[in-house]
Structure formats: C-alpha cells, structure tokens
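Open the model in your viewer and keep the residue selection panel at hand. The stops below each give a selection and say what is found there.

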Amino acid sequence: MSNTEQVNVPSLDRSKRFATIALIVAVVAWIILIICAKVMPEYAWFIHILMLGAEAGVVGGLADWYAITVLFRNPFGKIPIPKFLKHHTEIIPRNKARIAESMGKFVQENFLSPQVVEKSLKDTDLSLAIGKWLANPQNNTQVVDVIQQTVPKIFEFVGQEQIGHFIQNNSVQWVRNTRVNQLASEMLRAVLENDFHQDVLQRGLDVAHEWMMNNPEKTRELTQTMFKELGVSRLAKGASWIGIDVEQRTIDSLLEKVESMLADPEHPIRQKIEEIANELKVQLADNSSNASLRLNDTKNALLDSSSVLNFITGAVVILCDAIKTDLMKPDSGIAMNLRVAIQQVGENLIQNQSVRELLNDRMSGIAVNLSDQYSEKVIRFISERIHEWDSSEMIGKIESEVGGDLHMIRVNGVVVGAFIGLTLGVIRAIIDFLI
C-alpha cells in the first residue's frame, strides 16, 4: 500500500464512522422525541418542532447515504427492485469504459494536444530554466553524483563476458551490414559545405610552418630520411660536392609552398584538394563506385581480422576500466571536470539569449511533434489501463482518495436536514399560533 493510501484510508474510515454516528444520533433523537411527545403532551407543540428537525436530519442522512453508496455499489444487494432503480446503482463500475474514454480525452485535450503544448511552451523560456538549474552547484553536483553511481554499474554489466560478447557480435554485425560509404559521403558533404576543411587545412599549415621554422635540424633529418626512402640520397650528396645543397633547397621550396598556401586562400593546391574532396564525395555517394567498393572491402577486411577486433576490444575495456576506476574515487577527476562543464553550460545558456531562443524553438517543435505523434498512444494506454482495472480495485482507489469527503456529506445531510426541519417546524408553530 502506498503512503497516500496509508494516509487516506484511516481518514475514510473516520468519515464513515462519523457519518454513521451522526445518523444514529438523529434516529435515536427522533425516537426519544416521539416517546417524549406521548409522555409530556403539554409540551407537544415544542417537541413536535424538535421532532421535525430530527426527522429531517434522518431523511437527509439516509438520502445522502443512498446517493453516495449508489456511486460505488448496489445498496439493495440481492433484493429485487425495479429496473429503473437498479440501473442507477453502481454508477462508477457500470460506467468504467465511459470514464476511461473521458479521462483519456480530458488528458489529451488539456495536456497533450499539439495546440496546448505549443501554447504552454510559447511563453516559457525553457532553456533559461534549464540553464539556471544546471548552473546551480547543488543541482550539477546531483547530476554528477548520479553519473558516478550509474556509469560504473553500466560498465560492470557490459563488462561481463557473455554480455560483452553479445554486444561485440551485434556491433560487428551492424557495422558489417552498414554501407560506410554513404556515411563518409555525408560527412564530407557537411565538412565541405561549412568550409571546415579550410579551417583544418589552415591550422595544419600553420602548425607545419611553425614546426619547420623552430626545428630546422629535425626538418633536415626528415628530409634526409625521405631522400633515402626515395633512393636519391647519393644523388643529393653528389650535388653537394659541386656546391648544390639539394636537401636545403627542398626544405626552402617546401617552406615557400606552405607560406604561399597560407597567404592565398585561392591557391591552386587548395583548390585541387577541394576538387579531390568533392569528387570523392560524389564517388562515395554511389554504392557501385570503385571508391565505395574499396572502402567497404577495407571495412570488412578489418572486421574479419581477429587481431584488429581484439585490439579494439582491449582498448575499449582498458578505457572503460579507467573511467570506472576514476569515477569510483571520492576525488574523481572526471567527476570534477563534468561538474565544471555542466555548470559552464548552464552559465553560457543564461548569458546567450540567441542560443536560448534557438533551443526553445527546437524544443518546442520537438515537443509539438511528439505530442502530435504519440498523444493518441498515451491516451489509448491510459484508457486500456483503466479498462483493465478490477472494479473493486478501482472503487477502492477512488474511495481512498475522495471517499472521506463524500461521507462527510452524509454528516452535512443530517445537520442541514435537521436545521431545515427545525426551521420548518418553527414556521409551522408560528402559523398555528397566529391562526
């Protein structure tokens, strides 16, 4: 039994007892007043006023008892009664299906319809609320604590031999069945359309130029190694005898090329690289092209290599163990970095209004789409669960929640009925006295 039920059930029992006592008191008072009217006829006029109040209290209490009882059950039991009475007992159990549909429609129309969701989110800066929540040290600490508790358990579960083999086999099968050329083509398209490749190339050229300028000896060693691999080292030495330093000229020429590419965004080599990338993108989009076939064949060859799979599996296991070990430490470095990162995300959300507006628009669109697609399923689920409820269980749930207040109506029926009866009795006595 839930905590709510533990609180409500005693309240229901108390209300029932209180209502029953009030009705019994009214009945006893009515009987006593009848006897008093016979015993003390000189006070009959006053006793009749009180008797009318007691009678009205009994009628009010019994009427409210009947009205409340027929909501949940048939108070007549197996006693034969007219159909028009019987059909208006056990109102809630008889109408369980209609209640289920009504509750489903109510939830849909007032909570899950796309219009309601859109209206609710329209004037709500949801991303700001998320940002403030994440920026709160207490909240981001709770998030990190949950991560520290759950991630090691997940890694421990995945690390079991049978589970690990299952995941590995299914992952390998998924990768084997996936045409990576399409994925590579889409990645290239995204890179080229956003000019990411130019930024990467610029940064790479900067790093290469800086390294060559700061490490002339290592640059020369690399050049010598390259000449050896190409088989022209002797030729370079021979040229040096007649005063031509081929290695240095090669380095100078390479530096000159790098500097010219850095200075000219439209450099022919840059354009050539872009042309090659665009051509490769088109080829990878075609499943039957040589580039696509070679890429997929290479992928399958790697998957067929037990050494490659063992290496990847071992690397993943080592990485997972390292993360798990660190997260289980009280002074976990990963946890501390996560906490700082989460707080920074929250603070950046608070400060960046344009990002918040974009996020709010996207989240609102997602919520509206989800409500449009799944509201019917949610409503159907609610209705089906209500349909599946046992009638006695449903009655128990409803009585435990509102039965206490309903049975207090019985008390009100006795009190209000008695007051109305007394009022009518006084009015009748006044009229009798005047007439």
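The tour visits several helices, a helix pair and a single asparagine in a predicted model.

**Stop 1: helix 16**

Select residues 290-304, which form helix 16. The helix has 15 residues, and the span from its first C-alpha to its last is 21 Å, close to the 21 Å expected at 1.5 Å a residue. Now colour Ala291, Ser292, Asn296, Lys299 and Leu303, the buried residues of helix 16. Turn the view to look down the axis of helix 16: these buried residues fall within an arc of 125°, so they line one face of the helix. Asn290, Arg294 and Asp304 lie on the other side of helix 16 and are exposed.

To see what lies over the buried residues of helix 16, add the covering elements, among them helix 9 (161-177), helix 10 (180-193), helix 15 (268-285) and helix 17 (306-327). Two of these helices, 15 and 17, come up again below.

**Stop 2: helix 15**

Select helix 15, at residues 268-285. Helix 15 has 18 residues and reaches 26 Å from first to last C-alpha, close to the 26 Å expected at 1.5 Å a residue. Which residues of helix 15 are buried? Highlight Arg270, Ala277 and Leu284. These three cover an arc of only 60° around the axis, which puts them on the same side of helix 15. Rotate to the face turned away from the buried side of helix 15, and the exposed residues Pro268 and Val282 are there.

**Stop 3: helix 8 against helix 17**

Two packed helices are described by the angle between their axes and the distance between the axes. Select helix 8 (residues 137-158) together with helix 17: the two pack at an angle of about 145°, with axes 9 Å apart. The crossing of helix 8 past helix 17 is left-handed. Show side chains for the contact: helix 8 supplies Gln148, Val151, Pro152 and Phe155, and helix 17 supplies Cys320, Ile323, Lys324 and Leu327. By class, the residues of this contact between helix 8 and helix 17 are 6 nonpolar, 1 polar and 1 charged.

**Stop 4: asparagine 360**

Finish in helix 19 (residues 353-388), and centre on asparagine 360. Is asparagine 360 buried or exposed? Its relative accessible area is 17%, under the 20% cut-off, so asparagine 360 counts as buried. Leaving aside residues up to four places away in sequence, asparagine 360 touches Thr124, Asp125, Leu126 and Ser127. Display these four with asparagine 360 to view the contacts.

How values were computed:
Residues numbered from 1 in each chain as written. Predicted model: local features only at pLDDT ≥ 70, side-chain atom pairs only at ≥ 80, totals over all residues. Heavy atoms only, no water. Helix = DSSP H or I, 4+ residues; strand = E, 2+ residues; numbered from the N terminus. Expected span 1.5 Å × (residues − 1). Buried < 20%, exposed > 50% of the residue type's maximum accessible area, 1.4 Å probe, protein only. Arc of directions from axis to C-beta. Contact = heavy atoms within 4.5 Å. Axes fitted to C-alpha atoms, helices over the stretch in contact; angles between N-to-C directions. Left-handed = near helix turned anticlockwise from the far one by under 90°. Nonpolar A, V, L, I, M, F, W, Y, C, P; charged D, E, K, R; others polar.
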